[in-house]
Amino acid sequence: MTHCDILLFFATTSEKEQLQKAANDRGIDFKKTQGERLVYYDLGRIGTIRVMAHKCEMGPFSPNGSAARAIRASSETQATSIISMGMAFGVDRTLQEGGDVLVSEQLRPYDYKKVICNQQSHASSKDTPSGVSEDFSKTPSYLPKSFLLDLFKTQNQVFKTGRNYSVFFGSILSGGAMIHCDRYRDYLQAHLSKSGAPVIGGEMEGIGIISSTHSIEDPNWIIVKGISDFADSNREDEIIRFREPACFNSASFILDSLRNFNPQT
């Protein structure tokens, strides 16, 4: 049987391996199983919640990206919730560290913008047009499933001691672009923090995951990811160091929150 309550979504081998390690450390099953069309990993029942996991490709695009797979997998498993887990980038080295966990209070699609020609102008270089600006005033904010957000906020307060990472709640940027530039990261953070919750980080799969939601008023998703880098020129070196703890901490925070959830309280 491939039916579940919650479907965990990840996109890389490291995310899969660290989810499996976090599950094994807690005595939770992690069994590969074949659905009617897709492959899953069955974690069994965690507390009162039936949990499975699924791997998509990185980013929201392509037939195997997070958008297409979220629609197909949620239909096949009849999952009522999807948690996108794994790696994300942070935005503030003075407050955040590699391995810290980010939880979405909002999702802001950084590719959703209006590109405006401010004036008649030739390109100042072959790469960067002059007289071009971007308008983010119509960029939407998508809200996650309130039950899951409340669950993670409660568990963060109750089980804060003894962890080697911090948990941040706020807006998470999501889109198809791979950002390796601190100036562009800061530019997005500044423009997309003007309304709503402050931007705490960014990733690539969340904007696809929300495609499985039947209505904006009744979302079925949330993003819970660990910081593997800061989307700047140090990304390639840092991700080697922080990839595994970012994925493991994300998985651990999710599994501990689900395991400690008591529907009677």
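The paragraphs below lead through this predicted model from the chain as a whole to a few of its loops and helices.

Because the model is predicted, local features are given where pLDDT is at least 70 and side-chain atom pairs count only at pLDDT 80 or more, whereas totals for chains, interfaces and linings use all residues. Residues are numbered from 1 along each chain as its sequence is written, and side-chain values use heavy atoms, with hydrogens and water left out.

The secondary structure of the chain consists of 6 helices and 11 strands, where helices (H or I, at least four residues) and strands (E, at least two) are DSSP runs numbered from the N terminus. The chain is as compact as a globular protein of its length, because its radius of gyration is 19 Å and the globule rule gives a close value of 18 Å for 265 residues; the radius is taken over C-alpha atoms, and the rule is 2.2 Å times the number of residues to the power 0.38. Along the principal axes, the C-alpha atoms fill a box of roughly 60 × 40 × 35 Å.

Of the 265 residues in the chain, 51% are buried, a term that stands for under 20% relative accessible area, with exposed meaning over 50% and partly exposed lying in between (1.4 Å probe, protein chains only). Among the contacts with a separation of 6 or more, 78% join residues 24 or more positions apart, contact being defined as heavy atoms within 4.5 Å. The chain exposes about 12,700 Å², and carbon and sulfur atoms supply 49% of this area, which comes from the Shrake-Rupley method with a 1.4 Å probe; for residues, only the protein chains shown count as cover. The 29 positive and 31 negative charges have mean positions that are 2 Å apart, with Lys and Arg counted as positive, Asp and Glu as negative, and His and the chain ends not counted. Each charge is placed at NZ of Lys, CZ of Arg, CG of Asp or CD of Glu.

The loop between β4 (49–55) and α2 (66–77) is a useful place to look in detail, and Asn64 is found there. Asn64 counts as partly exposed because its relative accessibility is 25%, and its contacts, not counting residues up to four places away in sequence, are Cys56, Glu57, Arg69 and Arg72. Ala11 is 53 residues from Asn64 along the chain, and the C-alpha atoms of the two are separated by 10.0 Å. Ser62 belongs to the loop between β4 and α2 as well; it is a residue other than glycine with a positive phi, near 80 degrees, and at 37% relative accessibility it counts as partly exposed. Gly59, also in the loop between β4 and α2, is buried because its relative accessible area is 3%. Gly59 touches Gly65, Ser66, Met204 and Glu205 when residues up to four places away in sequence are set aside, and the C-alpha atoms of Gly59 and Glu205 are 4.8 Å apart although 146 residues separate them along the chain.

Helix α2 has 12 residues and reaches 15 Å from its first C-alpha to its last, close to the 16 Å expected at 1.5 Å a residue, the expected span being 1.5 Å times one less than the number of residues. Its buried residues include Ala67, Arg69, Ala70 and Ala73, and the buried residues of α2 pack against β1 (6–10), β3 (39–46), β4, β5 and α5 (206–209). After α2 comes Gln78, which has a positive phi, near 60 degrees.

Strand β5 (residues 81–90) contains Ser84, which counts as buried because its relative accessibility is 2%. Leaving aside neighbours within four places in sequence, the contacts of Ser84 include Phe9, Glu203, Glu205 and Ile222.

Towards the C-terminal part of the numbering, Ala231 sits in the loop between β11 (221–229) and α6 (235–260). Ala231 is a residue other than glycine whose phi is positive, near 55 degrees, and it is buried, with a relative accessible area of 0%. Helix α6 holds Glu238, which is buried at a relative accessible area of 14% and touches Arg93, Ser228, Asp229, Phe230 and Asp232, not counting residues up to four places away in sequence. Ser257 is found in α6 too and is buried, with a relative accessible area of 1%. Beyond its neighbours within four places in sequence, Ser257 is in contact with Leu151, Phe152 and Gln155.
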